[in-house]
Structures are given as C-alpha cells and as structure tokens.
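Student: Please take a close look at a single part of this model, one helix and its surroundings, and set out how that part relates to the rest.

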2 protein chains.
Amino acid sequence: MEEGAPIVVLAGGVGAARFLRGLVAAVPGTEITVIGNTGDDLEVHGLHVSPDLDTVTYTLAGLADLERGWGLAGESWAVLGGLGRLGADTWFQLGDRDLATHLWRTEQLRRGRPLSAATAALAERLGLPVRLLPMTDQPVTTRVHTVDGRDLHIQEFFVRERCRPAIAHVEYQGIEAAGPGPGVLAALAAAAVVVLAPSNPIMSLGPILALPGVRAAVAAARRTVAISPIIAGKALKGPATAMMAAAGVAPTVVGIAQLYRDCVQALVLDEADAALSGAVASQGVRPVVTDTLMVDLAAATRLARVALEAAA
Amino acid sequence: MEEGAPIVVLAGGVGAARFLRGLVAAVPGTEITVIGNTGDDLEVHGLHVSPDLDTVTYTLAGLADLERGWGLAGESWAVLGGLGRLGADTWFQLGDRDLATHLWRTEQLRRGRPLSAATAALAERLGLPVRLLPMTDQPVTTRVHTVDGRDLHIQEFFVRERCRPAIAHVEYQGIEAAGPGPGVLAALAAAAVVVLAPSNPIMSLGPILALPGVRAAVAAARRTVAISPIIAGKALKGPATAMMAAAGVAPTVVGIAQLYRDCVQALVLDEADAALSGAVASQGVRPVVTDTLMVDLAAATRLARVALEAAA
C-alpha cells in the first residue's frame with residue numbers, strides 16, 4: 001500500500017493491543033487511528049475506568065505488563081489493600097499507578113470534559129504514538145444476560161464471574177442513544193485501510209460496529225480486513241466462542257466471516273484453520289492464511305504486514 | 001471526677017490527636033466523644049479529604065505515622081507519582097493507603113450518605129476506640145485572606161504556601177448556613193467535662209465553636225477546660241500565633257484565655273508560661289500550670305489527667 005495512507009483500527013483490549021504493537025513497528029504511528037471500545041467501561045470506587053482504552057494506551061506507550069497481560073508494569077496494590085480492609089468490593093483489580101489514570105480521567109469527566117478529550121490528553125501525557133478515539137462519548141455498556149436470568153456488566157461477567165455463567169444474549173445498553181465519538185466517522189471516511197483487530201467480535205468490536213453509522217462507514221471504506229481472534233475453534237483468551245454460539249453463529253473462523261461479511265473484504269486466519277478457507281470464501285470474504293499467533297513483537301509485526309497486504 | 005462520666009473533646013488535627021492518645025490511655029474510650037473540625041476538608045483529585053478527622057482516626061486506631069506527624073504508617077506514594085507524571089497538582093500529599101480512605105468516603109458521600117455516617121463507618125472499620133463526630137455535615141471551609149489580597153483554602157495556605165503569606169483575616173465560609181452535625185449538641189449537653197484540645201484556636205477549634213449553638217453549648221457545660229496550644233509565645237506547629245495576631249489577640253496563653261474566656265473555666269498552660277498565670281486569671285480563667293509538652297504517650301496521658309483534674 002502507498003506511503004502515508006491513513007489506517008484505522010477497530011480495537012478491543014489485549015488482543016488488539018498486541019496487534020497494534022506490531023502495526024506501530026510496521027508503519028509510522030502518525031498514520032494510525034485507533035477506534036477503541038468503551039462498552040466495557042465501568043465505575044469502580046466512584047472512578048471511571050476504561051479498560052480497553054487503557055490497555056491500548058499502556059501497551060503502545062510501553063508501560064504495560066505484557067507478562068500478566070493487563071495493567072501497568074511495576075504495579076503495586078496498596079490502595080486495593082486499603083479498600084479491602086475497609087470492606088469494599090475488590091474483585092476488579094486496580095493497581096496504584098493505574099488508579100492515577102482513573103483519578104485523573106474521572107476528575108476531567110466531572111469537570112464536563114468529554115471522554116474523547118480526556119483520552120487524548122492522557123494519550124499525550126503518557127506518550128501514545130497513535131491517535132486513540134473512544135468509539136463514543138456517550139455511555140454504552142455491554143451487558144451479559146445469563147441463562148439463569150442475571151443481567152451482568154461485561155466486567156462482572158468477565159472478571160468477577162470468570163466467564164462461567166451460560167450466556168443467553170449480549171446487550172449494548174445505551175447504543176441507540178449514543179453516537180460515534182468526535183472524529184470516528186471522519187477517520188473511517190478518510191481511511192485507506194480499515195482493520196478489525198483480533199478482538200472478541202461480540203464483546204469488543206460489536207459495540208463499536210453497533211454505533212449508528214459506524215458499520216456502514218466500515219462497509220463503505222475502500223479496503224477492510226479483519227484478523228480472526230479465533231484459532232482452531234478457540235479464542236486465546238476470553239468468552240468469544242461462547243458469545244458467538246449464543247449469537248447463533250459457529251464459533252469458528254467461518255462464524256467470524258459471517259459476522260463481518262457485510263463490511264470486510266478479507267479475513268486473516270490462522271494456518272490451523274486453513275481447511276476452513278473455502279467455507280470463509282463462500283461467505284464472500286477472501287481468506288488469507290498465515291500464522292496469527294502473536295508470540296512476540298516480531299510475530300505481531302509480521303501479522304500486521306500480512307493484514308495490510310491482505311487489504312491491498 | 002466520677003467514673004463513667006462522658007467527656008467531649010473539641011479537636012483539630014495533630015495536636016488534638018496526640019492529646020487524645022493520652023486521654024484514651026487515661027479513661028475508657030467508650031466515655032469519649034470527639035467533635036472534629038471539618039473546616040479544612042477539601043477536594044483533591046475529585047476526592048473528599050477530611051484531614052483532621054483522619055488524623056484523629058488514624059492516630060487513635062494505631063495506624064498513624066507518629067514520626068512524620070501525619071498520614072499512615074508504612075505508607076507508599078505510587079498513585080501520587082502517577083498523578084505527577086500526568087501533570088496533576090501534587091502539593092497535597094496523598095499516600096496510597098490513605099487514598100483508600102478517601103475513595104471509600106467519597107463514594108459514600110456521592111451515594112448521599114452524610115459525612116457523619118461515613119465517618120462513623122470508617123471509624124468502625126478502622127477500629128477507632130472513641131466516638132468521632134464531624135462538627136457538621138454541611139460544607140464549611142476555612143479560608144485565609146492574605147494581606148496581598150489572595151483568598152486561600154486553609155490547606156493551600158498551610159501546605160502549599162507553608163504558612164508564609166501574611167494573614168489579613170480568617171473566614172469560615174459557609175458557617176452561617178451550616179448546623180452542628182448529628183449528636184454534637186446532644187453530646188455537649190450530656191458532657192460531664194468538655195475539653196478544648198491543644199489545637200489552633202482560629203484554624204482548628206474556631207470553626208467548631210463558630211457553628212450556630214456550639215459556643216453556647218460549650219459555655220453551658222458543667223465543666224470546661226482548655227489546653228493551651230501556645231507555649232512561650234509559640235505554637236509547636238502551624239500558624240496559630242500569626243492567626244491570633246491577625247485576629248487582634250496576643251499570641252500567648254493570655255490571648256488563648258481571652259479567646260475562650262466566655263466558655264471555659266480553666267486553662268492548662270505550660271510551666272514556661274507560669275509567669276502569665278496572673279494575666280490568665282485576670283481574664284476570668286483559672287490557670288493550671290503543668291508540663292504540656294507531649295513528648296511521648298506517658299506525657300500525653302499525664303497531661304490528659306491534669307486536664308480532667310483541672311476541670312473537676
């Protein structure tokens with residue numbers, strides 16, 4: 001693809017952040033706009049927490065604990081210990097350094113600044129090498145309705161309940177009243193390539209694509225490519241397959257193709273799923289087979305190059 | 001004095017907390033009600049901080065850093081470091097364990113719980129051996145108007161400006177609209193002894209006494225004794241003498257007697273000020289001379305016993 005061509009990535013949390021590390025190694029960060037999921041944002045101890053935005057920011061700013069897979073490197077847990085002693089709920093683990101982010105952002109929001117402005121300010125202060133746009137400035141909350149009748153915040157389902165409850169359906173609460181955040185539609189309209197990161201299609205990219213106008217804008221983009229988060233019928237982490245099954249699609253690369261067929265031209269899938277290439281193609285999506293396991297930065301960089309080539 | 005007689009102490013921060021440690025060693029904590037100053041409460045990073053209430057709580061719960069003189073023992077500063085990296089103002093030092101208190105309390109207040117209820121819940125969770133009542137549930141803010149025309153929050157004056165600006169006058173903002181907190185007037189009415197702790201009379205006890213009805217209730221108490229925070233014309237810590245001078249009273253034990261003459265019968269003063277006993281007595285306040293330096297718990301306990309005897 002041409003030099004200086006703007007790339008837009010729709011991103012969830014850990015998987016997307018790993019992919020983005022590779023992308024930033026492959027092309028200049030100034031060309032990259034990330035549209036981040038905010039459907040798993042939550043309030044913890046009165047603070048606004050944006051887990052996916054922070055995972056992207058911390059990872060790309062070189063601050064993340066890559067081994068643990070979330071949060072900041074060199075993190076400590078004194079505040080959480082204190083909250084535990086006070087009898088507060090501490091199932092959502094907030095580190096001390098991470099808390100500084102949430103305190104700072106929450107104060108900005110309380111002063112009336114939109115999330116997009118607070119996110120941009122944090123990105124600048126933490127040294128994020130790409131542009132990061134929250135998918136929306138309005139509250140959208142991904143909720144998991146369980147077979148046993150509970151209505152859980154996605155983080156309650158994911159962290160507190162460890163994805164154990166059987167899923168009836170997933171809801172994007174507030175999505176009809178929400179609009180895409182500032183710059184989101186413009187970035188998609190100007191994109192040379194749109195990439196759907198290897199994130200959970202229901203939990204992470206679903207809320208972004210469900211925002212009014214976003215799915216159509218992705219479909220209208222010149223070139224769009226998705227990277228499958230599913231390898232051999234399994235997600236590396238998290239409840240993607242259970243959510244896909246609950247949504248009535250096969251928990252495979254074919255299901256991924258089915259979910260995205262109206263808005264992507266190509267799907268990058270793992271060699272382990274090469275046998276399903278034909279089924280992907282029959283969904284009208286061009287399969288591109290490669291090693292999608294991002295075991296290190298070199299592997300992520302290679303995957304990013306393959307994705308960009310697949311879009312070309 | 002008789003056993004089981006309720007004691008009420010009007011208290012500021014560090015000096016009061018030291019005295020209270022001695023008092024708790026001298027009489028059962030169940031007999032003691034502390035009415036704590038909230039005039040120096042402030043919002044820091046969106047959190048409600050009650051410095052004097054917390055100093056009393058941490059000290060009496062055995063959690064305080066007695067050497068540093070404020071905050072918690074074994075404290076760490078990771079969040080403050082993170083906030084500094086984000087460019088936030090960090091002149092008000094908040095430790096990590098301390099932040100747990102402020103997060104917890106702030107969430108309680110946002111849920112509509114009054115400060116008195118949040119304070120009682122914190123006291124119970126942290127193991128405070130006395131009853132601690134905030135002087136009011138309404139916002140009262142002690143502000144320092146400086147000679148050079150600035151209007152500073154008391155903590156800005158005290159911590160950020162290190163008491164350097166020349167004081168024009170001190171204001172208790174919001175005092176007219178505020179009422180004594182739940183239990184305050186009842187505790188004073190039931191008190192066998194009321195003690196004015198060795199705290200700054202303008203900055204720390206001034207706001208409590210200025211609340212509608214409190215000064216009269218203290219004056220109406222059976223026995224009231226004050227302990228001078230001034231020794232040989234100096235306060236151990238803080239701007240008491242400068243504030244007294246700005247209020248037009250001598251920055252000595254005589255000035256203390258003058259400020260309290262309408263509501264105390266006795267004033268405990270240091271041996272260094274024995275020569276001023278006559279001047280104190282001529283204010284209509286009975287002087288009780290002793291060693292008032294609380295160099296350790298034994299000295300504080302002895303001072304507490306002297307104060308109770310002085311009231312008898």
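Tutor: In this predicted model, the buried residues of α3(A) pack against α4 of chain A and also against α3 (78–85) and α4 (96–110) of chain B. The buried positions in α3(A) are Ala78(A), Val79(A), Leu80(A), Gly82(A) and Leu83(A). After α3(A) comes Gly87(A), which has a positive phi, near 85°.

The packing against chain B belongs to a wider contact between the chains. In that contact, 21 residues of chain A meet 21 residues of chain B. On the side of chain A that touches chain B, α3 (78–85) and α4 (96–110) of chain A each supply at least two residues. The largest share of that side comes from α4(A), with 10 residues. By residue class, the side of chain A that touches chain B holds nine nonpolar, seven polar and five charged residues.

As for how the two copies are arranged, chain A is superposed on chain B by a rotation of 180° with 0.0 Å of shift along its axis, at an RMSD of 0.0 Å. That is the relation of a two-fold axis. Among the residues of chain A, Asp96(A) comes closest to the rotation axis, its C-alpha lying at 3.5 Å. The copies meet through the same surface, because 100% of the interface residues of chain A are also interface residues in chain B.

To return to the helix in question, the buried residues of α3(A) thus have packing partners in both chains: α4 in chain A, and α3 and α4 in chain B.

How values were computed. Residues numbered from 1 in each chain as written. Chains lettered and ligands numbered in written order. Predicted model: local features only at pLDDT ≥ 70, side-chain atom pairs only at ≥ 80, totals over all residues. Least-squares fit on C-alpha atoms with pLDDT ≥ 70 in both. Contact = placed C-beta atoms within 7 Å. Helix = DSSP H or I, 4+ residues; strand = E, 2+ residues; numbered from the N terminus. Nonpolar A, V, L, I, M, F, W, Y, C, P; charged D, E, K, R; others polar. Buried ≥ 20, exposed ≤ 12 C-beta atoms within 10 Å, placed from the backbone.
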